[in-house]
Amino acid sequence: MRLAALAFSLLPLCGYSYDDDLEAPDVTLYVEAHGVRSDFSEFDGDNANGLRLRFGMLFNEPAFSRWHWGVEGGLNQFGEGNSTSSTTEPGQGFPVISETTRRNTKTRLNGFELGARLYDSEIFYLRGGAFIYSLKEKSEVTVTQIISTGPGSTSTSTAYLTPESETISSVSPYIGAGIVYPIIDKSASVLLEYNYYYIDNKPLDNLAVGIEFRF
């Protein structure tokens, strides 16, 4: 009963502390969809196509001069980079057995980014933040033996080894820049963007073309 009486006695104070003049922040919400092309050369792979979906909130009050800032987050699927290597060991003795090992490695990178954006109120913006990623490498190894017992007499055997896979999950920084060009006022725009990531102590950059909607 004492606790209830104390609670009721505090109600007037709560009413006095409420400020009905508080206003919601002046912001613009946006959503973007990108087609992305990433360079997996540092992972011994080739270029790969991927997708990005981003949500953000841009504060309309200038941070300094004409620059506005905002916060954003995005889901990234950077696709799959492929690489193939092959080594051959010549045979000796009799019968002559040569062995070729072929390794095909697939590197897949996905993640979520969280960061900030600086926008010049016209077409140019800078961005940066943290990328929470999952890097998965899967290798398939094939071993082929060619056995020669004399001129014109050879046989071949192929063995498929158990696939090897490794997944690395970590956080890395990223920086980027882009231009956005309105096609319907500022509610719908096309954009071109470049980003630089640092994944597992290796650089990875990508280009993106996309569309942005503001609300």
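The paragraphs below lead through a predicted model, beginning at its surface, moving to an enclosed space and ending with a single residue.

On the surface of the structure there is a nonpolar patch, made up of I123, I179, Y181, I183, I184, V190, L192 and V209, and together these residues have about 750 Å² of accessible area. To see where the patch comes from, it helps to follow the strands: β7, which covers 164–184, and β8, which covers 188–199, each supply at least two of its residues. The largest share belongs to β7, which gives 4 residues to the patch, and I184, one of the residues named in the patch, is found in this strand.

From the surface we can turn to empty space inside. Rolling a probe the size of a water molecule over the atoms shows where such space is left. When the whole structure is searched, 1 cavity of 30 Å³ or more is found, and the largest cavity has a volume of about 30 Å³. Its lining consists of Y119, E122, V180, P182, K186, S189, E212 and R214, which divide into 3 nonpolar, 1 polar and 4 charged residues. Strand β7 appears again here, for β7 and β9 (202–214) each supply at least two residues of this lining.

Finally, consider T167, whose place is also in strand β7. Is T167 buried or exposed? With a relative accessible area of 48%, T167 counts as partly exposed, because that class lies between under 20%, which is buried, and over 50%, which is exposed. In sequence T167 and T107 are 60 residues apart, while in space their C-alpha atoms are 9.7 Å apart.

Methods: Residues numbered from 1 in each chain as written. Predicted model: local features only at pLDDT ≥ 70, side-chain atom pairs only at ≥ 80, totals over all residues. Heavy atoms only, no water. Patch = residues over 30% accessible without salt bridge, like charges linked within 9 Å, V, L, I, M, F, W, Y side chains within 5 Å. Areas by Shrake-Rupley, 256 points an atom, 1.4 Å probe, with all protein chains shown as cover. Salt bridge = Lys/Arg side-chain N within 4 Å of Asp/Glu carboxyl O. 1 Å grid on protein atoms, 1.4 Å probe; cavity = no way out; pocket = protein on both sides within 12 Å on 5 of 7 lines; lining within 4 Å. Points joined across faces, edges and corners; volume = space filled by probe spheres on them. Nonpolar A, V, L, I, M, F, W, Y, C, P; charged D, E, K, R; others polar. Buried < 20%, exposed > 50% of the residue type's maximum accessible area, 1.4 Å probe, protein only.
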